[in-house]
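This report goes through the side-chain contacts and surface patches of one structure. The sequence and the structure come first.

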Amino acid sequence: MSQHWEEPKEEDGLTLGPEEALQREIEKSKTLKVDRLRLRDEIEKLKAEKTDLAKKNQLLKERITKPGNPPADHEKAHAFSQNTLVFVLVSGLLALLWFMIRN
């Protein structure tokens, strides 16, 4: 049996010896471990952010369903300001018309 041993080729076409191939695999393994740890940290941060957002969402839902809630008061104030604006505009137009008729 004359089987010929061929060294594994890398992307650039070079044949690596067993030490270099092992070193490359070790480096890849280290890189993957670092990525896995980074992703784990990111997942934990996202879970914490999700929890915070869920708490804020719950507080906002409670605020909306509470009797005498501020949004209803805000709508009343908004309607009042619109009525005031219409009144001021009509008064201004009447005053302008009165001045034009006098002259």
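## Surface patches and side-chain contacts

Val86, Val90, Leu94, Leu97 and Ile101 make up a nonpolar patch on the surface, and their accessible area together is about 490 Å². The model is a predicted one. One member of this nonpolar patch, Ile101, sits in helix 2, which covers residues 70-102. Ile101 has a relative accessibility of 64% and therefore counts as exposed, because the cut-off for exposed is over 50%.

A patch of another kind involves charge. Lys30, Lys33, Arg36 and Arg40 form a positive patch on the surface. Of these residues, Lys30 belongs to helix 1, which covers residues 18-65. The relative accessibility of Lys30 is 53%, so Lys30 counts as exposed.

Charged side chains also meet in pairs. How many salt bridges does a search of the whole structure find? The search finds 2 salt bridges. In one salt bridge, the side chains of Lys28 and Glu25 meet at 3.9 Å, taken from N to O. Arg38 forms a salt bridge with Glu42, and here the closest N and O atoms are 3.6 Å apart.

Where do Lys28 and Glu25 lie? Both are in helix 1, 3 residues apart, which is about one turn of the helix. Arg38 and Glu42 are both in helix 1 as well, with a spacing of 4 residues, again about one turn of the helix.

The table gives the relative accessibility of the residues in these salt bridges.

| Residue | Relative accessibility | Class |
|---|---|---|
| Lys28 | 41% | partly exposed |
| Glu25 | 47% | partly exposed |
| Arg38 | 44% | partly exposed |
| Glu42 | 40% | partly exposed |

Partly exposed is the class between the cut-offs of under 20% for buried and over 50% for exposed.

Aromatic rings are the last topic. The structure holds 1 aromatic pair. The ring centres of Trp98 and Phe99 are 5.3 Å apart and the ring planes are at 55°, so this pair is tilted. Planes under 30 degrees apart would count as stacked and planes over 60 degrees apart as edge-to-face.

Are Trp98 and Phe99 buried, partly exposed or exposed? Trp98 has a relative accessibility of 49% and so counts as partly exposed. Phe99, at 47% relative accessibility, also counts as partly exposed.

Methods
Residues are numbered from 1 along each chain as its sequence is written. This is a predicted model: local features need pLDDT of at least 70, side-chain atom pairs count only at pLDDT 80 or more; totals for chains, interfaces and linings use all residues. Side-chain values use heavy atoms; hydrogens and water are left out. Rings of Phe, Tyr and Trp (its six-membered ring) pair if their centres lie within 6.5 Å; planes under 30 degrees apart count as stacked, over 60 as edge-to-face and the rest as tilted. Buried means under 20% relative accessible area, exposed over 50%, partly exposed in between (1.4 Å probe, protein chains only). Patches are made of residues with over 30% relative accessible area and no salt bridge: like charges are joined within 9 Å, nonpolar side chains (Val, Leu, Ile, Met, Phe, Trp, Tyr) within 5 Å. Accessible areas come from the Shrake-Rupley method with a 1.4 Å probe; for residues, only the protein chains shown count as cover. A salt bridge is a side-chain nitrogen of Lys or Arg within 4 Å of a carboxyl oxygen of Asp or Glu. Lys and Arg count as positive and Asp and Glu as negative; His and the chain ends are not counted. The place of a charge is taken as NZ of Lys, CZ of Arg, CG of Asp or CD of Glu. Helices (H or I, at least four residues) and strands (E, at least two) are DSSP runs, numbered from the N terminus.
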